[in-house]
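Here's a quick look at a protein model, starting from a single residue and working towards the core. Have the structure open while you read.

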Amino acid sequence: MMNDVKVECIDKDHLGLFTVKSSDGKREYCVDIDLDDMTVYCDCPDFKYRRQTERWGGALLNDGSHHCKHIKSVLRLHWRDIKSR
Ligand SMILES: [Zn+2]
């Protein structure tokens with residue numbers, strides 16, 4: 001479910017780097033958004049092994065079918081701020 005994670009921005013100057021924590025605090029993943037390349041990356045196993053599409057590792061920002069739940073949470077909560085930074 002979407003509400004079992006906690007999203008924190010750890011790079012407030014650039015709004016590109018976020019951590020996403022499970023509600024029990026046991027797992028934490030890092031979501032990295034690159035607006036210059038319009039790509040996004042997450043270091044969770046789901047994304048690394050199943051969803052990446054780009055050669056360097058990552059997926060396109062507008063390719064929602066390749067976003068893991070952490071990326072979806074970040075974009076859902078922060079996309080407006082990221083876009084207007
Ligand atoms: Zn992820």
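Let's begin with D32: setting aside neighbours within four places in sequence, its contacts are G16, L17, V40 and Y41. Keep in mind that this is a predicted model. D32 sits in strand β3. The C-alpha atoms of D32 and C42 are 6.4 Å apart, although 10 residues separate the two along the chain.

Is D32 buried or exposed? Neither label fits: D32 counts as partly exposed because 17 other C-beta atoms lie within 10 Å, while a buried residue needs 20 or more and an exposed one 12 or fewer.

Then there's M38, which you'll find in the loop between β3 and β4. M38 has a phi near 60 degrees, a positive value in a residue that isn't glycine. M38 is exposed, since it has 11 other C-beta atoms within 10 Å.

Here are the two residues side by side:

| Residue | Other C-beta atoms within 10 Å | Label |
|---|---|---|
| D32 | 17 C-beta atoms | partly exposed |
| M38 | 11 C-beta atoms | exposed |

Now for the core. The largest nonpolar core has 14 residues, and V20, V31, V40, C42, I71 and V74 touch the most other members. At least two residues of this core come from each of β2 (17-22), β3 (28-34), β4 (39-42) and α2 (69-83). For V74, leaving out neighbours within four places in sequence, the contacts are V7, F18, V20 and V31. As a general point, nonpolar side chains tend to be buried together in soluble globular proteins.

How values were computed. Residues are numbered from 1 along each chain as its sequence is written. This is a predicted model: local features need pLDDT of at least 70, side-chain atom pairs count only at pLDDT 80 or more; totals for chains, interfaces and linings use all residues. A nonpolar core is a set of buried Ala, Val, Leu, Ile, Met, Phe, Trp, Tyr and Cys residues joined through C-beta atoms within 7 Å. Helices (H or I, at least four residues) and strands (E, at least two) are DSSP runs, numbered from the N terminus. Two residues are in contact if their C-beta atoms, placed from the backbone, lie within 7 Å.
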